[in-house]
Amino acid sequence: MSAAEWSKIIAAFIACAVKPGLVGLPTTVFAFHFSFLQTLLVSGSAGICGSFVFCFLSDEIIRLYEWFLNKCFPNRKKKKFTKTNRLLISVKHYFGIKGIAFLAPLILSIPLGSFVAIRFFGHRNKTILYMSISSVMWTIILYFVYNGFYDKLMELFK
C-alpha cells in the first residue's frame with residue numbers, strides 16, 4: 001500500500017470515529033470509493049475504537065467537571081427542576097441507553113452520544129457495547145444507502 005492509500009484510510013478512520021453518519025461514511029463511499037469490505041473494516045473498527053475512547057474520556061470529563069464545581073463553588077445550591085431538566089429526563093426515560101446508542105452515530109456523534117449515555121446512565125460497559133453494535137449496524141445500512149444513491153446520481157449525470 002502506498003502512503004496515499006494509508007492517508008485515505010486514516011482520514012476515513014478519524015471521520016468515522018467522530019461522526020460516521022454524515023461525514024465518515026459519505027467520505028468512504030463518495031470520495032475514496034472504498035469497497036464494502038474496506039468500508040466495513042475501516043468504519044466499523046473506527047466506530048468501535050471511538051466508542052472505547054470517548055466512553056473513557058467522557059467518564060473522566062464528568063469527574064473533572066464535578067471536581068471543578070465542588071472546588072470552585074463549594075456552597076452551591078442544588079438546581080431546581082426546570083422545564084429543560086424535565087425535557088431531558090423525559091428523553092432519558094423514553095429513549096434509554098439503547099435509543100441513545102442507536103441514534104448517536106447517525107444524528108448526534110459518537111463523542112456526544114457517549115457523553116450523554118455515560119452522564120445519564122453511567123454504564124460504561126453497556127454504553128461501549130451498544131455504541132459499537134450501533135456503529136457497525138449503521139455502517140452496513142448506510143453503505144448500501146449511499147452506494148445506491150451514488151449509482152443513481154451518476155446515472156443522472158451521464
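This short talk describes a surface patch, two salt bridges and one phenylalanine in a predicted model.

Good morning. I shall begin with the surface. Eight side chains, those of Ile48, Phe52, Val53, Phe56, Leu57, Ile61, Leu112 and Phe115, make a nonpolar patch of about 660 Å². Which helices supply at least two residues each to this patch? They are helix H3, which runs from residue 36 to residue 72, and helix H5, which runs from 110 to 121. Of the two, H3 provides the largest share, with six residues.

Let us take one member of the patch as an example. Ile48 lies in helix H3. Its relative accessibility is 31%, and therefore Ile48 counts as partly exposed. The reasoning rests on a cut-off: partly exposed is the class between under 20%, called buried, and over 50%, called exposed.

I turn now to charged residues. Side chains of opposite charge can pair when their charged atoms come close. How many salt bridges does the structure hold? There are two.

One of them joins Arg63 to Glu60, and the closest N and O atoms of this pair are 2.7 Å apart. Both residues belong to helix H3, where three residues, or about one turn of the helix, separate Arg63 from Glu60. Are these two side chains to be called buried, partly exposed or exposed? Arg63 has a relative accessibility of 48%, so Arg63 counts as partly exposed. Glu60, at 42%, is likewise partly exposed.

The other salt bridge is formed by the side chains of Arg119 and Glu66, with a distance of 3.4 Å from N to O. Arg119 sits in helix H5 and Glu66 in helix H3, so this pair ties together parts that are 53 residues apart in sequence. Arg119 is partly exposed, because its relative accessible area is 40%. Glu66 has a relative accessibility of 27%, and so Glu66 also counts as partly exposed.

Finally, please look at Phe120, which is found in helix H5. With a relative accessibility of 24%, Phe120 counts as partly exposed. How far is Phe120 from Phe73, in sequence and in space? The two are 47 residues apart in sequence, and their C-alpha atoms are 23 Å apart in space.

To close, I return to the two helices. Helix H3 and helix H5 each supply at least two residues of the nonpolar patch, and the salt bridge between Arg119 and Glu66 has one partner in H5 and the other in H3. Thank you for your attention.

Key. Residues are numbered from 1 along each chain as its sequence is written. This is a predicted model: local features need pLDDT of at least 70, side-chain atom pairs count only at pLDDT 80 or more; totals for chains, interfaces and linings use all residues. Side-chain values use heavy atoms; hydrogens and water are left out. Patches are made of residues with over 30% relative accessible area and no salt bridge: like charges are joined within 9 Å, nonpolar side chains (Val, Leu, Ile, Met, Phe, Trp, Tyr) within 5 Å. Accessible areas come from the Shrake-Rupley method with a 1.4 Å probe; for residues, only the protein chains shown count as cover. A salt bridge is a side-chain nitrogen of Lys or Arg within 4 Å of a carboxyl oxygen of Asp or Glu. Helices (H or I, at least four residues) and strands (E, at least two) are DSSP runs, numbered from the N terminus. Buried means under 20% relative accessible area, exposed over 50%, partly exposed in between (1.4 Å probe, protein chains only).
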